[in-house]
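Okay, hi everyone, I've got one structure to walk you through today. Have a look at it while I talk.

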Amino acid sequence: MSVIERTRPVQETAVREPRITDEHGRRIRVWELVLRYALLLIVLAITVGPFVWQLSTSLKGPTEDIYSSPPTFLPEHPTLHNYKRVADTIPVWDYALNSLKVAVGNVVTNCVGSALAGYALARLRYRGRRVATLVFILAMLVPVEGIIIAQFTTMRELGLNNTLIGVVLPGCVGAMNVLLMRNAFLNLPYEIEEAAFVDGANVWQRFLRIALPSVKGTIAVVAIFAFMGAWDDFLWPLIVLSDPSKFTLTIGLNYLHGTFANDERLVAAGTVIAVAPLIALFACLQRYFFRGVGEGAVKG
């Protein structure tokens, strides 16, 4: 056999197309890959498309058509004048500051309270632990609208109506966040805490020095959920607040929809202002978010 004949199979193997495999090494057919990307693009268009359209609308001037078909996402003459008009129409930065106070308070109380409650449900031994866990599960099934009158009556009796504390207090510890922390603590090996107990560590030392540093990802998940829930909440602040100087951003932006309903550029600019802090928060904590989802998703 000549040298050319012996090297021909090697050359044919070298030009063979590479196999496309998944994370388990299984081969993926071309049509399956195309179908996956098509579904991802459809989901992306449904979820991100409305926000992109709002962002584009907020940057368009008064002479540009925002209802053209097909829609144009790139403004011909981008302008930030709509954002200035929002600030001139309503005290948007005061409302944003009130929302920030409520959201930060909600994050702190949920992270601290959910961590303490989750640790007690997962690691401590006492009678009624399963009943307490069941109570938190049942609390998730109760709609907010069903207890909102009782919440309002409670805030009124405590003298907290028309205060930002009254906005924070009903959601200071969420049942979902407690269960997330409980599942995260359940995944920790008991041998580590047992060794610390033998060394003389008490419950607080085991909680602060061993358990809590091991669930930082889940704490980030709780922080993101708490911030988003408080920042986007509309119904409860609308009921408990009556002083316009204490309105949160969601209530303040409602004036744009009511008084300036025909000016979609103004409404779009206000929407972008409200969504921007959530995007910034998730961008900063996304690494911990995805790690935290895995921490609390193994055991129930």
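So, contacts along the sequence: if you take the contacts in the protein chain with a separation of 6 or more, 72% of them are between residues 24 or more positions apart. Keep in mind that this is a predicted model.

What is the chain built from? Helices: there are 14 of them, and zero strands. Of the 300 residues in the protein chain, 34% are buried. As for the outside, the chain exposes about 18800 Å², and carbon and sulfur atoms supply 66% of that.

Now let's zoom in on one residue, E193. You'll find E193 in helix α9, which covers residues 190–198. Is E193 buried or exposed? Its relative accessibility is 9%, and the cut-off for buried is under 20%, so E193 counts as buried. And who does E193 touch? Leaving out residues up to four places away in sequence, that's Y119, R123, R206 and I210. With Y119 there's also a polar contact, side chain to side chain, at 2.8 Å.

Okay, over to the surface. There's a nonpolar patch of about 720 Å², made by L97, L100, V104, V108, V112, L116, W204 and L208. Which helix gives the largest share of the patch? That's α4, with six residues. Helices α4 (92–123) and α10 (203–211) each supply at least two.

Last one: W204, from that patch, lies in helix α10. W204 has 55% relative accessibility, and exposed means over 50%, so W204 counts as exposed.

Terms used
Residues numbered from 1 in each chain as written. Predicted model: local features only at pLDDT ≥ 70, side-chain atom pairs only at ≥ 80, totals over all residues. Heavy atoms only, no water. Helix = DSSP H or I, 4+ residues; strand = E, 2+ residues; numbered from the N terminus. Buried < 20%, exposed > 50% of the residue type's maximum accessible area, 1.4 Å probe, protein only. Contact = heavy atoms within 4.5 Å. Areas by Shrake-Rupley, 256 points an atom, 1.4 Å probe, with all protein chains shown as cover. Polar contact = N/O pair within 3.5 Å; in protein donor to acceptor, adjacent residues only side chain to side chain. Patch = residues over 30% accessible without salt bridge, like charges linked within 9 Å, V, L, I, M, F, W, Y side chains within 5 Å. Salt bridge = Lys/Arg side-chain N within 4 Å of Asp/Glu carboxyl O.
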